[in-house]
Amino acid sequence: MGSDAGKHTFTFMGTAAGCGVPSFFCDCPACEEARANPALRRGDCGVMVRGTADAEGHVPTVVIDTPPDARHQLLREGVRRVDEILFTHAHFDHIGGLGEYEYLVQLVQKRTMPTYGSETALSGIAGEFHYMTYALDMRALEPFETHVFDGVSYTACPVTHAPGTYGYLVETRGTRLFYASDTARLPQETAERVRGVDVLAMDATFWGRNWSPNDHHSIQECIEEGFELGAKKIYLTHMCMHYDKPITYAQLMEFLAQYDGRVEPAMDGLSFEI
């Protein structure tokens, strides 16, 4: 299945770290700001790549990760079908919504869902969702292996997080984009592979002090590494907004103004052509 026009759209389905923004248990200024303005709310991380509708009206669709908010995110974007799923890793905030896809397989698509990730990630998913592995066609990707769907290449690049975690180098005819929702400083080989990308969408969990420097970036560290890699455009994602010191969206935008548009916070539902 493919699209003749070759146009693809990349969408941030969710842009938060695991606790979301606002967190139900938190009344910090960042969470209160998001409660007051729904546009600033963030669900758990995931992205989507969509192609051009075919003659039957089907839009080729790939999602990377199935966060707990998956159903609401898919409804928000008007998605009716998903062709394939790629996983970064098997932590709850990235796989918790996989159960929503069982009904798509059973009731509509009536075929197993092609599901990609590292051996470690797929093993973790099979353990958590043992009751629905019948609905999944699990296909392990080796480090730096490339999978192609609808004319888009997805290269699995190891990152610095839990064992078996990948970021994905997404390449179309006109764009090189690297998506790494959970990572500390990139391993050298991955960094060399993604150097000079048009778009870098990367982990920016913390503001200021990094509680977990072996697994995540702060906003400042994400920007610093992005500049070192020569990324033309940097999107901050996997943001908590209240680690270590809360920062509101308004304050964050004031901070990012110094970068003249080269660095932006990813927002839930933000889409652009690749």
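**Two sheets and their helices: a walk through the model**

Let me begin inside one of the sheets, where strand β3, residues 61-64, and strand β4, residues 84-86, pair in the parallel sense over three bridges. Before going further I should say that this is a predicted model, and I will describe it in that spirit. Within this pairing, V63 has I85 as its bridge partner in β4, and I64 has L86 as its bridge partner in the β4 strand.

On its other pairing, β3 is joined by strand β2, residues 46-50, and here the sense is antiparallel, with four bridges between the two strands. One of the pairs to look for is V49, whose bridge partner in β3 is V62. If you follow the side chains of β3 itself, T61 and V63 point one way while V62 and I64 point the other way, and all of them are buried.

Now let me step back to the whole of this sheet, which is open and has seven strands in the order β6-β5-β4-β3-β2-β1-β14, with mixed pairing. At its edges are β6, residues 136-140, and β14, residues 271-273, each of which pairs on one side only. From one strand to the next, the twist averages 20°.

Which strands does helix α4 lie across? Helix α4, residues 100-109, lies across β3, β4 and β5, the last of these being residues 113-117, and the helix runs at about 150° to β5. Helix α5, residues 119-128, also packs on the sheet, where it touches β5 and β6, and its direction makes about 155° with that of β6.

Two residues in this part of the model deserve a closer look. L136 lies in strand β6, which is one of the edge strands. Is L136 buried or exposed? Its relative accessible area is 9%, and because the cut-off for buried is under 20%, L136 counts as buried. Leaving aside residues up to four places away in sequence, L136 touches L98, T112, M113 and T115. There is also P114, which is 22 residues from L136 in sequence, with the two residues 6.2 Å apart in space, C-alpha to C-alpha.

The other residue is T88, which has its place in the loop between β4 and α3, the latter being residues 92-95. T88 counts as buried, at 1% relative accessibility. Which residues does T88 touch, if those up to four places away in sequence are not counted? They are I64, D65, H94, G164, T165, Y166, Y168, Y179 and S181. We have already met I64 as a residue of β3 that is buried. T88 and C157 are 69 residues apart in sequence, and their C-alpha atoms are 9.5 Å apart in space.

Let me turn to the other sheet, which is again an open sheet of seven strands, with the order β7-β8-β9-β10-β11-β12-β13 and mixed pairing. At the edges stand β7, residues 146-149, and β13, residues 263-265, and each has a single partner strand, so one side of each is left without a neighbour in the sheet. Neighbouring strands are turned by 20° against each other on average, direction ignored.

Within this sheet, strand β11, residues 199-203, and strand β12, residues 233-237, pair in the parallel sense over five bridges, and M202 stands opposite L236 in β12. Helix α7 packs on the sheet and touches β11, β12 and β13, its direction making about 155° with that of β12. Helix α8, for its part, lies across β12 and β13, and runs at about 175° to β13.

How do these helices sit relative to one another? Two packed helices are described by the angle between their axes and the distance between the axes. The axes of α7, residues 219-228, and α8, residues 249-256, come within 13 Å and cross at roughly 30°, which means that α7 is roughly parallel to α8. Their crossing is right-handed. Where they meet, I219, Q220 and I223 come from α7, and L252, F255 and L256 from α8; by class, this contact has five nonpolar residues, one polar residue and no charged residues.

I will finish with T175, which lies in the loop between β9, residues 166-171, and β10, residues 176-180. T175 is buried, with a relative accessible area of 14%. Not counting residues up to four places away in sequence, T175 touches V170, D198 and I274.

Conventions
Residues numbered from 1 in each chain as written. Predicted model: local features only at pLDDT ≥ 70, side-chain atom pairs only at ≥ 80, totals over all residues. Heavy atoms only, no water. Axes fitted to C-alpha atoms, helices over the stretch in contact; angles between N-to-C directions. Parallel < 35°, antiparallel > 145°, perpendicular 65-115°, else oblique. Left-handed = near helix turned anticlockwise from the far one by under 90°. Contact = heavy atoms within 4.5 Å. Nonpolar A, V, L, I, M, F, W, Y, C, P; charged D, E, K, R; others polar. Pairing = 2+ DSSP bridges. Buried < 20%, exposed > 50% of the residue type's maximum accessible area, 1.4 Å probe, protein only.
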